[in-house]
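Work through the exercises below with the sequence and the coordinates at hand. Each task is followed by a solution in steps.

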Amino acid sequence: MNLSFQILSDQFLLNFSYLWLIVIATTIGIIIGAMPGFGSANTIIMLLPFTLAVDVDVAMIFMVSLFVASHMGGGITSILLNIPGNGGSAATCLDGYPMARKGLGQQALVLSFVASTVGGMVTALLSIFLLPYIARLAFYMHSVEMVVILLFGITLIASVASDNMLKGLIAGFLGLLIGAIGADHIYSTPRGTFGFIELYDGVPLIAVLIGVFAISEALIMMENSSVLSDAGRQMMKQAGWKETWEGVVMSFQRTWHMIWTGIIGLIIGIVPGAGASIAAFVAYQQSRLYSKTPEKYGTGIPEGVIAPESANNGCASGDLIPLLVIGVPGGTTAAVMLIVMTYHGVQLGPRLFIQNPGLGYGVFITMLVAYAVMLFTTLPLTKYVSKLVLIPTPVLAPIIIAFTLVGAFAPRGYMFDLWLTLIFGAIGYVCRKTGFNVVALLIGVILGPMLEANVMRALRISGNDPWVFVSSPVGNVLWVALAVSLAIPSIVQWRRNRAASRAATA
Amino acid sequence: MNDDRNGKVATGADWIIPILGAGFATYYLISIKDLDWEAKVSGVFCAVVLFLLIGIFALRTVLGLLRGTHYIELRSLYESHKLALIRGSLFALTVASVAIIPWAGFTLSTFGFLFACFVWLQGMSARNAAITAGALAFAGYVLFILILRTSFPQGPFERLASALIGL
Amino acid sequence: MTNMFNRRHVLFAGAGALAASLAPAARATGAFPDKPLQVLIPTGEGGGVDQAARAFNRIWAKYLGANFEYSYFPGASGQVGYEVFISKRPADAYNILFGNIGPEMIMYATQKVKYKYPEDFVYLGSMDVDDSVIWVGSGSKFKTIQEMVDEGKKREITLSTSRLPHPSTIGALALAEATGMKVRMIPYGGGGPARSAAITGEVDGCATFLSSSLGLGDQARFLTVFNETNRAPELTNNAPPVNAALGTKIPPMSGQRAIAIHAKAVEAYPDRVKKLSDTFQQVFSDPDYKAVAEKAGTPWEFIQYGDAASCQKSAREFVELADRYRALLTATK
């Protein structure tokens, strides 16, 4: 792949000449990213008449900017309202919302924007300079390896539910079983669908997301007149620009954290079909694991916002790599981009970098520029957007319900999905009020289907030989890492106890 | 539900999820009983583990009740009658607004829902509530119907608007 | 659900009359079509059918005098899309379905569906013929289909496919039956992941439709084509037709992208349906169509008009084929 300074500088110039377009595309992207149920794929499809009419470079600048911006926007509602804009930002709720309740919403938003930007930019830079090597990763990440990676995410069920393990596990396994509704991965036979055709393709994630998070949160928040704690309310009222700056400082005190969690996102994103939601959960799990204070996760700490947001955006780079290098789209948005590219007569795959390297590398240059632009458009907004939580709950809760229900309906256009959302809203409410962790439930619903698909595929490829799971060197390394990550918390605890007992006897 | 009072654990409302879970798992197993093992195995695994966990939960609760470390109450589900009333009405209004969408369309049902909530829950004056709910519903109409073109069933408002502006 | 929808349509009709009276006079002339056609696609957005349909409709819109609006209902190998089309879309000839006869009739035959062919829907015409192929990644040791068959007699060959109910799956199974090789089909739930698995070497090869794999360039080495001739030899490293290479008698395993319409619409609105069929056919002689079809990734050699009768014949053939291999394609024994 013939990368040259000339290509990069040409692409930077091209992108700067379309700065206005990037501003528009990123603004649209952030808004739709923040709205549950709307995503970059549907939006780009709606705007196909535009992208097909303009030059392919311009179309790509527009689509890539919108795509990355939608990853950035997802965290806003997770942090302020405990409502994830999409599966990729579900993990952001874990610490983002507690921060907002403490009156640190503005800082949390800044953390999420800066982490998204750093995660996105670092992975875009890595992609530019190491593209051939990163693309090779796809050759080592097969079903077996994915099984282990998914298990990393699934072990998070136990971590998030540590305050009541038994109930957390019940919620997690109920989530896994709900995730197993719908056509099986080999024969496409419907299972557990109650006869509803609407469930043949599985329970729609967005209905679960909006139900257990938005609807149940709206019901819960009615117990107070504000989502903020009293102290948080005081802080929030006085908040000014200082808080935005504090957020920036907080972020860059954790620069390395933003970088490595972004790289986790990049690696997971490369695998076709694996998306931002896995990346975010795995990054959160890893972040918690190597933290000196894992017990603080979930109470509103900066790392808990940084890890999922950075990974979620790193995943955006990863998603585009198989599309560009192999010519196979890794996700729905990439598939729509493929339509536009083929329409313009651009051949994706290895030939792209021989025939039109500018376009190939240009994608990552656009990412760099788009993230830089977004930092300037989003950071000043944090001061105003974060005030959203000051709205009294009897007004806020109905608005949340009315507008998130639109998101539950929009992706598929079934009235059924609205009813399903209400059912999950009721389930979510009961879960929260009776100590069953809803994040554990959600992790099961999101990761369960992918885990099943990969397990069944690995078994089928091997002729139903269970040893297949320990047959690949990369997979085995990952297994060891998984075992270590499960053991570390107990070892740390044991050492602490020993140190404490020594201190006591001394 | 883990709010220990005098060292005792409240139980009762936290049976709802395990009972629902066990019911669903049973239904799921029945729905897959005739399928090939490849379509079955993961569901069976999850269901069995779920039954096991629920079994442990039931055992713990029963033992707790026998030993007197647990006591039964349902209050934690709704906390107080006032809150229960507020939540109940919010949820009921939500259900009602979804139910009328096929006839009233998105804009009118959203307006009605928000208006009722603002008047009822926040105690806004009818005029203020109508203005706020109207502005929000109209903004929703512009954003979701006109711009994002979600395929909500059309109601009188949408049809009138499209007849007037020809969109 | 159904009940609600019915009532809704009654009301819809009532209020629609009111709206029509308010609307500009041009709308009331009754010429078909006086509003956009609703296209339902039973596979994902950005998939092969989506691309082909959009390319086709760009030209069709000219002759039909109406635009198209798209909705996607993927799931259960296309079953969701067909169920939604038949149970929830009005049979008014404004609602059409763009599908692929081969895979979707196999799905019809192997899954428990709530609709009936041809009582509930018919195919009006087809727009291309896409052949099933087997290809391997560029790093694979197999240079010819014969080599793969030989190895397949010693061990089981794994082939990725987007889903089991698919003509290429039946092709591979028929090949295995005819030659004595052992083959195991691995469904990936989508064309992209299936292709990726073969390129990255997770499986021995990929069984799929030709056109979707053409963009892969040197990464794919085509071994054989499931038809009597290879219609795009220069794009497929001159892979031999399966029967010529191995002396087998496997029928062609093709996909035909086609439009379907409610059978009730054919009865109730014969004039509308005739207009659809006539204008549909006109597209093929339009010189612009060649350009847009190729832009959408379908080689011109594959573009071929098929009328309703030929679609029906093809649909029935696939139902028979699927019945023969039912045991290997379904989870219900």
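**Exercise 1. State the domain assignment of chain B and the separation of its domains.**

Solution. The assignment for chain B, which is taken from an automatic or database domain assignment, gives domain 1 (9-77) and domain 2 (81-165). Between the C-alpha centres of domain 1 of chain B and domain 2 of chain B the distance is 38 Å.

Conventions for this and the later tasks: the model is predicted, local features need pLDDT of at least 70, side-chain atom pairs count only at pLDDT 80 or more, and totals for chains, interfaces and linings use all residues. Residues are numbered from 1 along each chain as its sequence is written, chains are lettered from A and ligands numbered from 1 in the order in which they are written, and side-chain values use heavy atoms, with hydrogens and water left out.

**Exercise 2. Place Cys46(B) and Ala126(B), and classify each as buried, partly exposed or exposed.**

Solution. Step one is the helix: Cys46(B) sits in helix H2 (residues 37-67) of chain B, and Ala126(B) in helix H4 (residues 126-147) of chain B. Helices here are DSSP runs of H or I with at least four residues, numbered from the N terminus.

Step two is the accessibility, where buried means under 20% relative accessible area, exposed over 50%, and partly exposed in between (1.4 Å probe, protein chains only). Cys46(B) has 8% relative accessibility and is therefore buried. Ala126(B) has a relative accessible area of 47%, so Ala126(B) is partly exposed.

Step three is a pair of C-alpha distances. Cys46(B) and Ile17(B), 29 residues apart in sequence, are 16 Å apart in space. Ala126(B) and Phe115(B), 11 residues apart along the chain, are separated by 8.0 Å.

**Exercise 3. Describe the largest cavity.**

Solution. A cavity is a set of points on a 1 Å grid over the protein atoms alone where a 1.4 Å probe fits but cannot get out; lining residues have an atom within 4 Å of a point. Points are joined across faces, edges and corners, and a volume is the space filled by probe spheres set on them.

The search of the whole structure returns four cavities of 30 Å³ or more. The largest has a volume of about 100 Å³. Its lining includes Ala402(A), Leu405(A), Phe106(B) and Phe113(B). Helix H18 (393-409) of chain A and helix H3 (81-122) of chain B are the elements that give two or more residues to this lining. H3(B) supplies the largest share, seven residues.

By class the lining has nine nonpolar, three polar and no charged residues. In this scheme Ala, Val, Leu, Ile, Met, Phe, Trp, Tyr, Cys and Pro are nonpolar, Asp, Glu, Lys and Arg charged, and the others, Gly among them, polar.

**Exercise 4. Repeat the analysis for the second largest cavity.**

Solution. The volume is about 70 Å³. Among the lining residues are Leu52(A), Tyr343(A), Arg54(C) and Arg58(C). Two or more residues come from each of helix H15 (332-343) of chain A and helix H2 (48-64) of chain C. H2(C) gives the most, four residues. The classes are six nonpolar, one polar and two charged.

**Exercise 5. Why does Cys431(A) form no disulfide?**

Solution. A disulfide is a pair of cysteine sulfur atoms within 2.5 Å. The closest cysteine sulfur to that of Cys431(A) belongs to Cys93(A) and is 15 Å away, which is too far for a bond. Over all chains the count is zero disulfides. Cys431(A) is buried, at a relative accessible area of 0%.

Note on methods:
On a 1 Å grid over the protein atoms alone, a cavity is a set of points where a 1.4 Å probe fits but cannot get out, and a pocket is an open set with protein on both sides within 12 Å along at least five of seven lines; lining residues have an atom within 4 Å of a point.
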